[in-house]
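Reader: I'd like to go through this one with you, mainly how the chains meet and who pairs with whom. Can we take it question by question?

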Number of protein chains: 2
Amino acid sequence: MSLVVVGTMAYDSVKTPFGQRDRALGGSATYFSMSSSFFTQVNLVAVVGEDFDSKDLQTLQGQGVDISGVEKANGKSFHWKGEYGYDLSEAKTLDTQLNVLMGFDPKLPDGYRKSNYLFLANIDPKLQQKVLDQMDKPRLVACDTMNFWISGALDELKKTLARVDILIINEGEARMLAGATNLQKAAKTIRGMGPSTVIIKRGEYGALLFHEDEIFSAPAYPLEDVFDPTGAGDTFAGGFMGHIARMNQPKLTATILRQAIVMGSVMASFTVEDFSIDRLRRLKREEIADRFRFFKSLTHFDDLTEVV
Amino acid sequence: MSLVVVGTMAYDSVKTPFGQRDRALGGSATYFSMSSSFFTQVNLVAVVGEDFDSKDLQTLQGQGVDISGVEKANGKSFHWKGEYGYDLSEAKTLDTQLNVLMGFDPKLPDGYRKSNYLFLANIDPKLQQKVLDQMDKPRLVACDTMNFWISGALDELKKTLARVDILIINEGEARMLAGATNLQKAAKTIRGMGPSTVIIKRGEYGALLFHEDEIFSAPAYPLEDVFDPTGAGDTFAGGFMGHIARMNQPKLTATILRQAIVMGSVMASFTVEDFSIDRLRRLKREEIADRFRFFKSLTHFDDLTEVV
């Protein structure tokens, strides 16, 4: 079943200890749609500037992504410049030029409105709500956010959260949003704000899922070389939502949710192996299947007939 | 099969955001032996001072621990004073008084020497070797160490590592020992120093096992309240070695190793719920079994019939 994503498309200038790339294709919606396109029909909503290379849109189209919701506006595309140190856990932002993102007013093509699944990537919560207003009773809505909105637009963010089923959020931002250090307590507080399910991303430590009275913990794929972590979180969300949309069940079960978290982790593990979406561009379906099986071997242990 | 542990017995003064305790029973060998005593016969080697309360030794005896290897020396017992902030991930050491530990010269009672299993807790690598010299072909030897020995006695530590099967080490210290940020690379380097198996403890993020060409990742138990993290690592090692000794197989299999890591995580999750060994003192076998099953539900996910 089709999946709508609203977020950013950008050109990123990124430096890591392993190299650097100028004006590499990036943005939350780009990573998300590349990732989810392996699993389902993806309908993309974003804004790009006059400088946006049509080849980059063709790349997404080549993956089957519907780009009729991508608006071309006057001005330059969103640009982010950042640098990672050796621990690769946090980017140092050197420059952010919002450009056309300043006037972004997402409009969903008619064909998108009846999609069952919606992902609101990290944008202004007011815009997230505008998108929700245009959807025709989606079955499942997930969103992301960041410290900028938590500290600067908390009331609007809470209005968004009251309308979504799943929040996918970084560890530090979960603590900030909930005002709690302990992640279980943070998840409980956040679930009180609306989302029945909370997913906390912990970078190289994996992800935690809080759903009903269950907790599920998925590790990250142990990579010898993380080349560039940019886009890992959005790629994770893409694999996660892509799997859920592909399964397209009337009710979200714990089984599907758990598999979706693993699939998100699988997809993110590819993205960080190269700059931009380069690894996803050359990704083969067999590689996804292989890595999903690897996650099983990474976490599996046998029951004990007698524990003590 | 019986298990020998050599390490420290101490009185700790600990302050956490949740309370404080003066002269609480602590030390690596104390936590280790309490934890492993649930699974196997434990033979304890340590030194205590004249101030050591005989009731504390009786507590261990009551758990079936053989304390004939505990030497009572002239002087005061080892004392550590530390404080934890809200994140509880690292202790700030306020005071360390080695006292009788300065003259520690571990001597194994004859009855200990034929034990199949040996754990060398974090002490001077020279002493670790002295203990190894006294053992009669143990089937499996594991050890711990810390930054103090890595920076101050690396040559001696390497001599120890060349003689052990398993190194259980903190994340930061693994990086320091190997001179590598990436944990997979660090594990590879450390395995080149001797231990065929490396276990990296990551506190609230769980533990990683590197064994043959496999990696296993176990999460930590998600606790709403970590009361006092002191002793978590040694309790982990106790559950880990205790399970291996209880299974007592001629060859260490991946199945047993993985279960042992989970058992270590289970035991550590109890220790941090209270000061000192208080939680372990009142621990029931059914609670261990329940929490082992919880770890299964925490990490389990179903295979996909069709991945993509």
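What follows is a short back-and-forth on the interface and the salt bridges of this predicted model.

Reader: How much area do chain A and chain B bury between them?
Author: The size of an interface is often given as the accessible area lost when the parts come together. Here the contact takes 45 residues from chain A and 45 residues from chain B. Carbon and sulfur atoms account for 54% of the buried area, and the total is about 4400 Å².

Reader: What is the relation between chain A and chain B?
Author: Chain A can be laid on chain B by a turn of 180 degrees with a shift of 0.0 Å along the axis, and the RMSD is 0.0 Å. The copies meet through the same surface, because 100% of the interface residues of chain A are also interface residues in chain B. The turn and shift are the relation of a two-fold axis.

Reader: Which element gives the most to the side of chain A that touches chain B?
Author: Between the two chains there are 26 residue pairs in polar contact. On chain A's side, the elements that each supply at least two residues include helix H6, helix H7 and strand E13. The top contributor, with nine residues, is H11(A).

Reader: Is B:Ser217 buried or exposed?
Author: B:Ser217 sits in strand E13 of chain B. Leaving aside neighbours within four places in sequence, its contacts include A:Pro219, A:Leu298 and A:Thr299 from the other chain, plus B:Arg202 from its own. Its relative accessible area is 7%, and the cut-off is under 20%, so B:Ser217 is buried.

Reader: How many salt bridges are there between chain A and chain B?
Author: Take B:Asp225 and A:Lys185, whose side chains meet at 2.8 Å, N to O. Another bridge is A:Asp303 with B:Lys296, at 3.7 Å; that pair crosses from the segment after H11 of chain A to helix H11 of chain B. Between the two chains the count is eight.

Reader: Where is A:Glu212, the partner of A:Lys251?
Author: The two side chains meet in a salt bridge at 3.9 Å, N to O. They are 39 residues apart, with A:Lys251 in the loop between H8 and H9 of chain A, and A:Glu212 in the loop between strand E12 and E13.

Reader: And B:Arg291, is that one buried or exposed?
Author: B:Arg291 lies in helix H11 of chain B, 18 residues from B:Glu273, and the two form a salt bridge at 3.0 Å. B:Glu273 is partly exposed, at 22%. With 10% relative accessibility, B:Arg291 counts as buried.

Conventions
Residues numbered from 1 in each chain as written. Chains lettered and ligands numbered in written order. Predicted model: local features only at pLDDT ≥ 70, side-chain atom pairs only at ≥ 80, totals over all residues. Heavy atoms only, no water. Helix = DSSP H or I, 4+ residues; strand = E, 2+ residues; numbered from the N terminus. Buried < 20%, exposed > 50% of the residue type's maximum accessible area, 1.4 Å probe, protein only. Contact = heavy atoms within 4.5 Å. Buried area = accessible area lost by both parts, 1.4 Å probe. Salt bridge = Lys/Arg side-chain N within 4 Å of Asp/Glu carboxyl O. Polar contact = N/O pair within 3.5 Å; in protein donor to acceptor, adjacent residues only side chain to side chain. Least-squares fit on C-alpha atoms with pLDDT ≥ 70 in both.
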